[in-house]
Amino acid sequence: MTADDLRETSAALAGRALELPELARAGTVAAYVSVGSEPGTLALLDALRARGVRVLLPALLPDNDLDWGPYEGEGSLARVQHGSRMALFEPAGERLGPDGVTTADAVLLPGLAVDARGMRLGRGGGSYDRVLARLERAGAYPALVVLLYDSEVVGRVPAEPHDRPVDAVVTPAGVRRFRPGS
């Protein structure tokens, strides 16, 4: 994709996501800053903040768990290199601890693909599996939404017994829901 294609895709994705009732009524949204070829999220993060939503972003811990901190705009991000893996953009300020995510009304999840059951394929590090387990243990049930390109919605992805389905996937072309009532 060209830089223009990426900008257009990011704008379309943000527009679709902002139409979700789950985000319209959310006071706090846990999200992430896209990296590499992932669909761009900065436009969405800024639009949520402009609505008065508290946006939380992850910071990768050495054990692959995630800490959380508030997003205060693009200038509040630090580029952090995690060993030989890719660099991530993380909140530079206050940290809320791994349980900080349990205050979220909606969680935007990265992924490589999602299937017709709503099962998400991640990058294999288990960070978001831990997040989903932590939410369940806390009795917190925020809306779970994956942001992907249209071609990343597939027939089936591998799933393990601990995997949990998401409520919806947002692509530049639209929204697909997986759970009744979501």
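Student: In which sense do strand β7 and β8 pair, and over how many bridges?

Tutor: In this predicted model, strand β7, residues 113-115, pairs with β8 in the antiparallel sense, over two bridges. One bridge partnership can be located by residue: V114 is matched with R120 in β8.

Student: Where does β8 stand in its sheet, and what follows for its sides?

Tutor: One reads the strand order first. The sheet is open, has three strands in the order β8-β7-β10, and shows mixed pairing. β8 (120-121) and β10 (153-154) are the edge strands; each has a single partner strand, so one side of each lacks a neighbour in the sheet.

Student: Which residues does UniProt list for "binding site"?

Tutor: The UniProt entry, which is unreviewed, lists R120, L121, G122, R123, G124, G125, G126, S127 and Y128 under that heading. Of these residues, R120 is included in the lining of the largest cavity.

Student: Is L121 buried, partly exposed or exposed?

Tutor: Burial is judged from relative accessible area, and partly exposed covers values between 20% and 50%. L121, in strand β8, has a value of 30% and is therefore partly exposed. Apart from neighbours within four places in sequence, L121 contacts G111, L112, A113, V157 and P158. G125, found in the loop between β8 and α4 (127-137), is also partly exposed, because its relative accessible area is 38%.

Student: Where in the chain is confidence lowest, and where is it highest?

Tutor: Where pLDDT is low, predicted coordinates should not be read in detail. Here the chain has a mean pLDDT of 91, with 97% of its residues at 70 or more. Confidence is lowest in helix α1 (residues 3-18), with a mean of 85, and highest in strand β1 (residues 28-30), at 98.

Key. Residues numbered from 1 in each chain as written. Predicted model: local features only at pLDDT ≥ 70, side-chain atom pairs only at ≥ 80, totals over all residues. Heavy atoms only, no water. Pairing = 2+ DSSP bridges. Helix = DSSP H or I, 4+ residues; strand = E, 2+ residues; numbered from the N terminus. pLDDT = per-residue confidence, 0-100. UniProt positions renumbered as here; feature names shortened; annotations may be inferred. 1 Å grid on protein atoms, 1.4 Å probe; cavity = no way out; pocket = protein on both sides within 12 Å on 5 of 7 lines; lining within 4 Å. Buried < 20%, exposed > 50% of the residue type's maximum accessible area, 1.4 Å probe, protein only. Contact = heavy atoms within 4.5 Å.
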